[in-house]
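Here is a short report on how one chain packs and pairs. Please keep the sequence and the 3D view at hand while reading.

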Amino acid sequence: MSSSIQYKYYPTKKATIIAAPFSGGQPKGGVELGPEYILKAGFQKQIESLGWATDIVHPLQGTDYERLKSNEKDSFGVKNTKIVNDSCQKIHESVKESLKDHKLPVTIGGDHSIGTATISASLVNNPETCIIWVDAHADINTPKTTDLGNLHGCPVSFVMGIDRESYPPEFSWVPQLLKANKLVYIGLRDVDDGEKEILRKYNIPAFSMYHVDKYGIGKVVEMALDKVNPNRDCPIHLSYDVDAIDPSFVPATGTRVEGGLSLREGLFVAEEIAQTGLLCSLDIVETNPMLAETEEHVLDTVSAACAIGRCALGQTLL
(Lines give C-alpha, C1' and ligand atoms only; values in the text may rest on other atoms or scores of the structure.)
Protein backbone atom coordinates (compact mmCIF):
# COMPACT_ATOMS: atom_id res chain seq x y z
CA MET A 1 0.00 0.00 0.00
CA SER A 2 1.33 3.42 -0.96
CA SER A 3 2.47 5.55 1.98
CA SER A 4 0.39 8.60 2.95
CA ILE A 5 3.39 10.45 4.43
CA GLN A 6 4.19 13.65 2.56
CA TYR A 7 7.93 14.16 1.96
CA LYS A 8 8.64 17.88 1.80
CA TYR A 9 11.68 17.57 -0.46
CA TYR A 10 10.24 14.85 -2.70
CA PRO A 11 6.62 15.68 -3.53
CA THR A 12 6.81 13.44 -6.62
CA LYS A 13 8.31 10.57 -4.57
CA LYS A 14 11.35 9.65 -6.62
CA ALA A 15 14.34 7.84 -5.14
CA THR A 16 17.71 6.57 -6.30
CA ILE A 17 19.10 3.42 -4.72
CA ILE A 18 22.89 3.80 -4.68
CA ALA A 19 24.62 0.45 -4.33
CA ALA A 20 27.91 0.86 -2.44
CA PRO A 21 29.51 -2.61 -2.15
CA PHE A 22 32.61 -1.50 -0.28
CA SER A 23 34.58 -3.11 2.54
CA GLY A 24 37.85 -1.16 2.55
CA GLY A 25 37.05 0.85 5.69
CA GLN A 26 37.54 -2.24 7.86
CA PRO A 27 39.34 -5.60 7.61
CA LYS A 28 36.48 -8.11 7.48
CA GLY A 29 35.39 -9.42 4.09
CA GLY A 30 31.74 -9.86 3.22
CA VAL A 31 30.25 -6.45 3.95
CA GLU A 32 30.70 -5.61 0.27
CA LEU A 33 27.97 -8.21 -0.38
CA GLY A 34 25.39 -6.27 1.64
CA PRO A 35 23.86 -4.36 -1.29
CA GLU A 36 23.56 -7.51 -3.41
CA TYR A 37 21.73 -9.41 -0.67
CA ILE A 38 19.45 -6.49 0.15
CA LEU A 39 18.52 -5.98 -3.50
CA LYS A 40 17.99 -9.72 -4.04
CA ALA A 41 15.59 -9.64 -1.08
CA GLY A 42 13.34 -7.36 -3.15
CA PHE A 43 14.21 -4.01 -1.62
CA GLN A 44 13.50 -2.02 -4.76
CA LYS A 45 10.01 -3.49 -5.17
CA GLN A 46 9.33 -2.94 -1.47
CA ILE A 47 10.13 0.76 -1.85
CA GLU A 48 8.11 1.03 -5.04
CA SER A 49 5.11 -0.52 -3.26
CA LEU A 50 5.18 2.54 -0.99
CA GLY A 51 4.64 4.81 -4.00
CA TRP A 52 8.24 5.68 -4.84
CA ALA A 53 9.55 5.62 -8.39
CA THR A 54 13.10 4.24 -8.19
CA ASP A 55 16.23 3.67 -10.16
CA ILE A 56 19.47 1.97 -9.13
CA VAL A 57 23.00 3.23 -9.75
CA HIS A 58 26.31 1.44 -9.21
CA PRO A 59 29.06 4.06 -8.80
CA LEU A 60 31.69 1.49 -7.76
CA GLN A 61 31.11 -0.88 -10.64
CA GLY A 62 34.27 -1.99 -12.41
CA THR A 63 36.73 -1.79 -9.50
CA ASP A 64 37.62 -4.77 -7.31
CA TYR A 65 38.15 -2.95 -4.02
CA GLU A 66 38.30 -6.20 -2.08
CA ARG A 67 41.42 -7.19 -4.03
CA LEU A 68 43.00 -3.80 -3.36
CA LYS A 69 42.56 -3.95 0.44
CA SER A 70 45.63 -3.93 2.65
CA ASN A 71 45.99 -4.04 6.42
CA GLU A 72 49.18 -2.00 6.34
CA LYS A 73 48.95 1.39 8.01
CA ASP A 74 50.28 4.46 6.23
CA SER A 75 52.22 7.25 7.89
CA PHE A 76 48.95 8.66 9.25
CA GLY A 77 48.16 5.39 11.02
CA VAL A 78 45.13 4.49 8.92
CA LYS A 79 44.54 1.75 6.36
CA ASN A 80 43.38 1.75 2.75
CA THR A 81 43.33 5.52 2.39
CA LYS A 82 43.50 5.47 -1.41
CA ILE A 83 40.67 3.00 -1.99
CA VAL A 84 38.43 4.57 0.67
CA ASN A 85 39.04 7.96 -0.88
CA ASP A 86 38.36 6.67 -4.40
CA SER A 87 35.10 4.97 -3.43
CA CYS A 88 33.94 7.94 -1.37
CA GLN A 89 34.49 10.37 -4.24
CA LYS A 90 32.41 8.20 -6.58
CA ILE A 91 29.60 7.74 -4.05
CA HIS A 92 29.68 11.45 -3.19
CA GLU A 93 29.06 12.33 -6.84
CA SER A 94 26.19 9.83 -7.10
CA VAL A 95 24.49 11.23 -4.00
CA LYS A 96 24.93 14.79 -5.27
CA GLU A 97 23.50 13.83 -8.65
CA SER A 98 20.47 12.19 -7.03
CA LEU A 99 19.80 15.26 -4.90
CA LYS A 100 20.25 17.54 -7.90
CA ASP A 101 17.63 15.48 -9.76
CA HIS A 102 15.24 15.78 -6.79
CA LYS A 103 15.47 12.07 -6.06
CA LEU A 104 15.96 10.81 -2.51
CA PRO A 105 19.33 9.01 -2.36
CA VAL A 106 19.20 5.68 -0.53
CA THR A 107 22.80 4.48 -0.21
CA ILE A 108 23.21 0.81 0.65
CA GLY A 109 26.60 -0.28 2.00
CA GLY A 110 29.07 -1.60 2.47
CA ASP A 111 30.88 -0.34 5.53
CA HIS A 112 30.29 3.00 7.23
CA SER A 113 33.40 4.67 5.81
CA ILE A 114 31.11 5.68 2.94
CA GLY A 115 29.42 8.07 5.37
CA THR A 116 32.15 10.59 4.49
CA ALA A 117 30.72 10.59 0.97
CA THR A 118 27.03 10.64 1.75
CA ILE A 119 26.83 13.22 4.53
CA SER A 120 29.23 15.58 2.76
CA ALA A 121 27.11 15.37 -0.41
CA SER A 122 23.94 16.08 1.58
CA LEU A 123 25.57 19.11 3.18
CA VAL A 124 26.84 20.42 -0.15
CA ASN A 125 23.26 20.19 -1.39
CA ASN A 126 21.91 22.01 1.67
CA PRO A 127 24.26 23.20 4.47
CA GLU A 128 21.30 23.27 6.89
CA THR A 129 20.92 19.48 6.67
CA CYS A 130 21.03 17.81 10.07
CA ILE A 131 22.67 14.40 10.48
CA ILE A 132 21.04 11.71 12.59
CA TRP A 133 23.63 8.96 13.09
CA VAL A 134 22.09 5.73 14.39
CA ASP A 135 24.88 3.40 15.43
CA ALA A 136 26.49 1.47 18.26
CA HIS A 137 29.64 3.47 17.47
CA ALA A 138 30.30 7.19 17.13
CA ASP A 139 32.57 6.84 14.05
CA ILE A 140 34.15 10.19 14.91
CA ASN A 141 37.72 9.03 15.46
CA THR A 142 40.47 10.87 13.61
CA PRO A 143 43.80 9.46 12.40
CA LYS A 144 45.17 10.88 15.67
CA THR A 145 42.72 9.06 17.93
CA THR A 146 42.03 5.76 16.18
CA ASP A 147 43.76 2.71 17.65
CA LEU A 148 42.98 0.28 14.84
CA GLY A 149 43.28 2.61 11.85
CA ASN A 150 40.01 1.44 10.29
CA LEU A 151 38.39 4.27 8.34
CA HIS A 152 34.83 3.09 9.00
CA GLY A 153 35.45 4.58 12.44
CA CYS A 154 36.37 8.03 11.08
CA PRO A 155 33.79 9.31 8.56
CA VAL A 156 32.18 11.94 10.77
CA SER A 157 35.45 13.59 11.77
CA PHE A 158 36.47 14.10 8.13
CA VAL A 159 33.28 16.03 7.37
CA MET A 160 33.66 18.10 10.54
CA GLY A 161 37.34 18.88 9.96
CA ILE A 162 38.52 17.65 13.37
CA ASP A 163 42.32 17.15 13.65
CA ARG A 164 42.53 18.00 9.96
CA GLU A 165 46.34 18.17 10.04
CA SER A 166 46.33 14.37 10.50
CA TYR A 167 44.21 13.61 7.44
CA PRO A 168 45.63 11.58 4.56
CA PRO A 169 46.28 13.98 1.65
CA GLU A 170 43.76 12.14 -0.52
CA PHE A 171 40.94 13.48 1.66
CA SER A 172 41.63 17.13 0.87
CA TRP A 173 38.56 17.19 -1.41
CA VAL A 174 36.10 16.43 1.42
CA PRO A 175 33.84 19.45 2.13
CA GLN A 176 34.13 20.11 5.86
CA LEU A 177 30.65 21.50 6.30
CA LEU A 178 29.26 19.61 9.29
CA LYS A 179 28.74 21.73 12.40
CA ALA A 180 28.58 20.14 15.83
CA ASN A 181 25.06 21.44 16.46
CA LYS A 182 23.76 19.70 13.30
CA LEU A 183 24.83 16.19 14.34
CA VAL A 184 23.14 13.88 16.82
CA TYR A 185 23.70 10.26 17.76
CA ILE A 186 21.17 7.60 18.75
CA GLY A 187 22.00 4.14 20.12
CA LEU A 188 25.66 4.54 21.12
CA ARG A 189 27.12 1.85 23.37
CA ASP A 190 30.74 1.33 22.26
CA VAL A 191 32.58 4.67 22.17
CA ASP A 192 36.37 5.00 22.25
CA ASP A 193 38.00 7.27 24.83
CA GLY A 194 39.24 9.62 22.11
CA GLU A 195 35.74 9.84 20.69
CA LYS A 196 34.29 10.63 24.12
CA GLU A 197 36.71 13.53 24.37
CA ILE A 198 35.65 14.80 20.94
CA LEU A 199 31.94 14.56 21.82
CA ARG A 200 32.54 16.55 25.00
CA LYS A 201 34.89 19.10 23.40
CA TYR A 202 32.44 19.94 20.62
CA ASN A 203 29.33 19.51 22.76
CA ILE A 204 27.85 17.06 20.24
CA PRO A 205 24.45 15.74 21.36
CA ALA A 206 24.53 11.98 21.81
CA PHE A 207 21.93 9.57 23.14
CA SER A 208 23.36 6.24 24.25
CA MET A 209 21.51 3.09 25.21
CA TYR A 210 21.49 4.49 28.75
CA HIS A 211 19.19 7.26 27.53
CA VAL A 212 17.02 4.80 25.61
CA ASP A 213 16.64 2.73 28.79
CA LYS A 214 15.93 5.79 30.94
CA TYR A 215 13.54 7.71 28.69
CA GLY A 216 12.26 5.25 26.10
CA ILE A 217 12.95 5.37 22.39
CA GLY A 218 10.07 7.76 21.61
CA LYS A 219 11.38 10.44 23.95
CA VAL A 220 14.95 9.92 22.77
CA VAL A 221 14.05 10.52 19.13
CA GLU A 222 12.07 13.61 20.13
CA MET A 223 15.01 14.95 22.15
CA ALA A 224 17.43 14.19 19.32
CA LEU A 225 15.30 16.14 16.85
CA ASP A 226 14.96 19.00 19.33
CA LYS A 227 18.77 19.25 19.46
CA VAL A 228 19.47 19.45 15.73
CA ASN A 229 16.17 20.43 14.15
CA PRO A 230 14.22 22.28 16.85
CA ASN A 231 11.83 24.02 14.46
CA ARG A 232 11.42 20.91 12.29
CA ASP A 233 12.31 22.95 9.22
CA CYS A 234 15.64 21.49 8.08
CA PRO A 235 16.32 18.47 5.87
CA ILE A 236 17.41 15.26 7.62
CA HIS A 237 20.12 12.85 6.56
CA LEU A 238 19.60 9.53 8.37
CA SER A 239 22.76 7.41 8.48
CA TYR A 240 21.80 4.01 9.86
CA ASP A 241 24.27 1.30 10.83
CA VAL A 242 22.44 -1.98 11.38
CA ASP A 243 24.68 -2.70 14.38
CA ALA A 244 22.68 -0.08 16.30
CA ILE A 245 20.19 -2.92 16.69
CA ASP A 246 21.10 -5.67 19.14
CA PRO A 247 22.98 -8.60 17.54
CA SER A 248 20.28 -10.99 18.70
CA PHE A 249 18.18 -9.43 15.91
CA VAL A 250 20.95 -8.57 13.39
CA PRO A 251 23.78 -11.07 13.87
CA ALA A 252 25.30 -10.66 10.39
CA THR A 253 27.23 -7.46 10.99
CA GLY A 254 30.90 -6.74 11.54
CA THR A 255 31.17 -5.05 14.95
CA ARG A 256 28.58 -6.64 17.23
CA VAL A 257 27.92 -5.09 20.62
CA GLU A 258 25.44 -6.57 23.06
CA GLY A 259 22.73 -4.42 24.62
CA GLY A 260 21.49 -2.55 21.57
CA LEU A 261 18.12 -1.39 20.32
CA SER A 262 15.40 -3.98 19.97
CA LEU A 263 14.21 -4.51 16.42
CA ARG A 264 11.04 -2.55 17.14
CA GLU A 265 12.98 0.32 18.72
CA GLY A 266 15.28 0.35 15.71
CA LEU A 267 12.41 0.50 13.27
CA PHE A 268 10.65 3.15 15.35
CA VAL A 269 13.59 5.52 14.83
CA ALA A 270 13.17 5.24 11.06
CA GLU A 271 9.37 5.50 11.33
CA GLU A 272 9.59 8.65 13.43
CA ILE A 273 12.05 10.33 11.07
CA ALA A 274 9.69 9.50 8.22
CA GLN A 275 6.80 11.10 10.09
CA THR A 276 8.59 14.45 10.09
CA GLY A 277 8.37 14.51 6.29
CA LEU A 278 11.88 16.01 6.30
CA LEU A 279 13.96 12.99 5.27
CA CYS A 280 16.30 14.11 2.51
CA SER A 281 18.83 11.25 2.28
CA LEU A 282 19.39 7.82 3.81
CA ASP A 283 22.23 5.35 4.39
CA ILE A 284 21.84 1.71 5.44
CA VAL A 285 25.22 0.12 6.13
CA GLU A 286 27.23 -2.75 7.65
CA THR A 287 25.16 -5.77 6.62
CA ASN A 288 27.73 -8.58 6.31
CA PRO A 289 26.23 -11.90 5.15
CA MET A 290 29.57 -13.71 5.48
CA LEU A 291 29.68 -13.24 9.26
CA ALA A 292 26.43 -15.10 9.80
CA GLU A 293 26.57 -18.52 11.44
CA THR A 294 23.36 -19.71 9.79
CA GLU A 295 21.17 -18.86 6.83
CA GLU A 296 18.58 -17.64 9.31
CA HIS A 297 21.08 -15.08 10.63
CA VAL A 298 21.56 -13.78 7.09
CA LEU A 299 17.82 -13.58 6.53
CA ASP A 300 17.22 -11.80 9.84
CA THR A 301 19.86 -9.16 9.17
CA VAL A 302 18.95 -8.53 5.54
CA SER A 303 15.28 -8.37 6.48
CA ALA A 304 16.06 -5.80 9.18
CA ALA A 305 18.05 -3.68 6.73
CA CYS A 306 15.17 -3.75 4.25
CA ALA A 307 12.70 -2.90 7.02
CA ILE A 308 14.76 0.12 8.06
CA GLY A 309 14.57 1.39 4.49
CA ARG A 310 10.84 0.73 4.19
CA CYS A 311 10.08 2.48 7.47
CA ALA A 312 12.20 5.49 6.53
CA LEU A 313 10.36 5.72 3.23
CA GLY A 314 6.93 5.63 4.72
CA GLN A 315 5.79 2.17 5.73
CA THR A 316 3.52 2.31 8.77
CA LEU A 317 1.99 -0.37 10.96
CA LEU A 318 -1.56 0.83 10.28
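This report covers a predicted model, taking the core, a buried loop residue, and a strand with its neighbours in turn.

**Nonpolar core**

The largest nonpolar core has 99 residues. I140, L183, Y185 and L313 have the most contacts inside it. Helix 11, residues 295-312, gives the most to this core, with 9 residues. In soluble globular proteins, nonpolar side chains tend to be buried together.

L183 shows the packing around one of these residues. Leaving aside neighbours within four places in sequence, L183 is in contact with I131, W133, I140, V156, M160, L178, I204, P205 and V228. One of these partners, I140, is itself among the residues with the most contacts in the core.

**A buried loop residue**

Q26 sits in the loop between strand 1 (14-20) and helix 1 (34-40). Is Q26 buried or exposed? Its relative accessibility is 4%, so Q26 counts as buried, the cut-off being under 20%. Not counting residues up to four places away in sequence, Q26 touches V31, K69, D111, N150 and H152.

**Strand 8 and its partners**

Strand 8 spans residues 279-285 and is mostly covered. Of its 7 residues, 7 are buried. Strand 8 pairs with strand 3 and with strand 7, as tabulated here.

| Partner of strand 8 | Residues | Sense | Bridges | Example pair |
|---|---|---|---|---|
| Strand 3 | 104-109 | parallel | 3 bridges | I108 with I284 |
| Strand 7 | 236-241 | parallel | 6 bridges | H237 with S281 |

From strand 7 the chain crosses through helix 10 to strand 8. This β-α-β crossover is right-handed.

**Helix 10**

Helix 10, residues 263-276, is the helix of that crossover. How far apart are the end C-alpha atoms of helix 10? They are 21 Å apart. The 14 residues of helix 10 should span 20 Å at 1.5 Å a residue, so the two values agree.

Within helix 10, the residues G266, L267, V269, A270, E271, I273 and A274 are buried. Their cover includes both strands that the crossover links, strand 7 and strand 8. Also included are strand 4 (130-134), strand 5 (183-188), helix 9 (217-228) and helix 11. Helix 11 thus appears here as well as in the core, where it gives the most residues.

Just after helix 10 comes G277. G277 takes a positive phi of about 75°.

Note on methods
Residues numbered from 1 in each chain as written. Predicted model: local features only at pLDDT ≥ 70, side-chain atom pairs only at ≥ 80, totals over all residues. Heavy atoms only, no water. Core = buried A, V, L, I, M, F, W, Y, C linked by side-chain atoms within 4.5 Å. Buried < 20%, exposed > 50% of the residue type's maximum accessible area, 1.4 Å probe, protein only. Helix = DSSP H or I, 4+ residues; strand = E, 2+ residues; numbered from the N terminus. Contact = heavy atoms within 4.5 Å. Pairing = 2+ DSSP bridges. Right-handed = clockwise from strand over helix to strand, strands pointing away. Expected span 1.5 Å × (residues − 1).
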